[in-house]
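Open the model in your viewer with the whole chain displayed, and keep a selection panel at hand. The tour moves from the overall chain to its enclosed space, its core and its open surface.

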Amino acid sequence: MDQNDNNSHYLTDESEQQILELSQTSKFYLFDNLLCLSSNSSYVSSPTPQLILPLQITYPIATTDKLTGMLMPYQTLTEGLNGFSGTECVKTSTCVDCKKDGKLKTIRIFEISPVIFIQLKRFNSQNDKLTIPIKFEPKLNLNRYLGSDRLSSLSDYLL
């Protein structure tokens, strides 16, 4: 983006092209696996395109710092991904078969791209910023978060 004299931002033709290219190379698709708690009926939602994978960072674990011997809280990127793709109970969702409320929902990745953006959401429910460090390996493999029939050779990312 360029900035004009009035301190407002506007897009140039070049920046619009860069945004378009970025959105085409970094788009991936998510879908929901839904299971009715009453009838055991299973449903899969339509894949929806995403540009950013938002990960809630809320559950710190502790490890002993090697230098000080003190217990230090931290969160790993893998734990954030596990929380994002974990199964949750949605009590307000009605089954189309039995018309009763309550489903188990699991978010899975339908299709991935060569580039992925991960947003670390580091605020708790009271809007306090979590200041714990985030640990991650230099390589991230997303195969375990893909749908069961969607394994991909593109699932390895260098961080």
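A cavity, as the word is used here, is a set of grid points where a 1.4 Å probe fits but cannot get out, and its volume is the space filled by probe spheres set on those points. With that in mind, the largest cavity of this predicted model holds about 40 Å³ of space, and a search of the whole structure finds one cavity of 30 Å³ or more.

**The whole chain**

Before zooming in, colour the protein chain by secondary structure, which shows two helices and 14 strands. Of the 159 residues in the chain, 25% are buried, and the accessible surface comes to about 10900 Å², with 53% of that area belonging to carbon and sulfur atoms. If you display contacts between residues at least 6 apart in sequence, 55% of them join residues at least 24 apart.

**The largest cavity**

Next, select L53, L81, F84, S85, I107, R108, I109 and Y145, which line the largest cavity. The elements that give two or more residues to this lining are α2 (77-85) and β10 (101-111). Colouring the lining by class gives six nonpolar residues, one polar and one charged.

**The largest nonpolar core**

Keep L53, L81 and I109 selected and add L142, since these four have the most contacts inside the largest nonpolar core, a set of 16 residues. To see where the core draws its residues from, highlight β3 (28-36), β6 (52-56), α2 and β10, the elements that each give two or more. Among these elements, α2 gives the most, with three residues. L53, L81 and I109 thus appear on both stops, as they also belong to the lining of the largest cavity.

**The largest pocket**

Now turn to the largest pocket, in which about 160 Å³ of space lies. Which residues should be selected to show the lining of the largest pocket? Select T76, L77, T78, K135, F136, E137, K139, L140, N141, R144, Y145 and L159. Within this lining, α2 and β13 (139-141) each supply at least two residues, and the largest share, three residues, comes from β13. By class, the lining divides into five nonpolar, three polar and four charged residues.

Finish by centring the view on Y145, which is one of the residues lining the largest pocket and is also one of those lining the largest cavity. Helix α2 can be left highlighted as well, because it contributes two or more residues to the cavity lining and at least two to the pocket lining.

Conventions. Residues are numbered from 1 along each chain as its sequence is written. This is a predicted model: local features need pLDDT of at least 70, side-chain atom pairs count only at pLDDT 80 or more; totals for chains, interfaces and linings use all residues. Side-chain values use heavy atoms; hydrogens and water are left out. Helices (H or I, at least four residues) and strands (E, at least two) are DSSP runs, numbered from the N terminus. Buried means under 20% relative accessible area, exposed over 50%, partly exposed in between (1.4 Å probe, protein chains only). Contact means heavy atoms within 4.5 Å. Accessible areas come from the Shrake-Rupley method with a 1.4 Å probe; for residues, only the protein chains shown count as cover. On a 1 Å grid over the protein atoms alone, a cavity is a set of points where a 1.4 Å probe fits but cannot get out, and a pocket is an open set with protein on both sides within 12 Å along at least five of seven lines; lining residues have an atom within 4 Å of a point. Ala, Val, Leu, Ile, Met, Phe, Trp, Tyr, Cys and Pro count as nonpolar, Asp, Glu, Lys and Arg as charged, and the others, Gly among them, as polar. A nonpolar core is a set of buried Ala, Val, Leu, Ile, Met, Phe, Trp, Tyr and Cys residues joined through side-chain atoms within 4.5 Å.
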